[in-house]
Amino acid sequence: MRVVFAGTPEPAVVALQALIDSEHEVVAVLTRPDARRGRGRSLHPSPVAALAEQHGIEVLKPATLKANTDDGDAVRARLAELAPEMIPVVAYGNLVPSDLLDVPQHGWVNLHFSLLPAWRGAAPVQAAIRAGDDVTGVTTFRIDEGLDTGPILATATEPVRPSDTADDLLTRLAYLGADVLVRTCTEAASGASAPRPQVGEATYAPKITTEDARIDWRASAHEIDRHIRAHTPGPGAWTMLGDARLKVGPVTHADEPVELTPGELRVEKQRVLVGTGSTAVELGLIQAPGKKKMPAADWARGLADDDTKQGVQ
């Protein structure tokens with residue numbers, strides 16, 4: 001099958017590599033324009049663009065796909081020339097206008113990192129961890145005009161482990177999803193594809209903001225643990241100690257009862273405890289402003305008594 005792959009960040013690279021290694025023909029890649037990063041703020045291609053260029057695959061980098069724009073009209077013309085049979089999509093990051101949805105025979109097929117209709121939206125992996133789900137997975141579906149509402153083509157499940165961060169779980173789902181996406185293409189090419197409507201109550205996982213990642217120490221220890229893991233590594237769970245914003249790594253539950261009020265700190269020789277709405281937790285890694293991450297006990301050695309007394313908020 002002739003495909004044009006649409007994707008941008010690192011998790012999409014796994015799927016693109018799987019398609020390149022498969023019997024399908026990747027004739028071009030759609031990705032977001034080069035972005036500035038690093039100290040020099042120089043332009044860098046997306047991870048998907050970099051992989052495509054390594055394999056000599058044509059890369060299209062429109063800022064928009066909207067019709068009656070220079071980029072949008074150029075993409076339409078090039079897609080007509082390339083004549084893809086399907087456009088697989090993994091975290092592309094650009095809205096697909098309705099007039100483009102039927103351009104490929106088998107449509108634009110999205111790989112989503114949840115079991116739809118659970119966790120529609122931009123942050124399904126973080127939402128699954130934060131909610132305490134025991135099982136999540138991946139879904140391929142044909143994109144329609146709704147938000148992750150199209151008919152399902154294939155699914156696969158993956159357990160959520162008690163210690164999973166968002167990065168841990170997303171890494172496993174990226175590899176699981178790559179296999180499912182290749183299988184979806186193969187089934188469509190052979191005529192074995194059987195789309196089915198989404199069934200069940202939909203839940204939503206909107207894009208996460210930095211403010212969303214702030215820790216509420218009044219929540220239970222279990223909720224705080226999931227909250228921190230869901231926002232690790234990005235945008236990073238955080239709290240305030242006075243005027244300093246601290247990034248907080250995954251925590252562990254204190255192995256004995258410790259009575260502390262929510263946000264109250266107890267600094268010991270080998271550990272730092274903080275109170276929650278239930279039982280105390282032991283802090284793992286802490287990153288102070290302008291500093292590297294360090295074990296909480298090392299960080300606490302530089303605290304003044306007043307800092308410890310006021311606690312975190």
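**Close-up views of the sheet and the nonpolar cores**

**View 1. The open sheet and its edges.** In this predicted model, 7 strands form an open sheet of mixed pairing in the order S5-S2-S1-S6-S7-S8-S9, where strands are DSSP runs of E of at least two residues, helices are runs of H or I of at least four, both numbered from the N terminus, and two strands pair if DSSP finds at least two bridges between them. Strand S5 (58-60) and strand S9 (152-159) stand at the edges with a single partner strand each, so one side of each lacks a neighbour in the sheet. Residues are numbered from 1 along each chain as its sequence is written. Local features need pLDDT of at least 70 and side-chain atom pairs pLDDT 80 or more, whereas totals for chains, interfaces and linings use all residues, and side-chain values use heavy atoms, without hydrogens and water.

**View 2. The pairing of S6 with S7.** Strand S6 (residues 87-90) pairs with strand S7 (residues 108-112) in the parallel sense over 3 bridges, and Pro88 has Val109 in S7 as its bridge partner.

**View 3. The largest nonpolar core.** This core, a set of buried (under 20% relative accessible area, 1.4 Å probe, protein chains only) Ala, Val, Leu, Ile, Met, Phe, Trp, Tyr and Cys residues joined through side-chain atoms within 4.5 Å, has 39 residues, and Phe5, Leu16, Val26, Val29 and Val90 have the most contacts inside it. Helix H5 (166-190) is among the elements that each supply at least two residues, and H5 gives the most, with 10 residues.

**View 4. The surroundings of Leu16.** Leu16 touches (heavy atoms within 4.5 Å) Phe5, Val26, Val29, Val48, Leu51 and Ala52, leaving aside residues up to four places away in sequence.

Conventions:
Buried means under 20% relative accessible area, exposed over 50%, partly exposed in between (1.4 Å probe, protein chains only).
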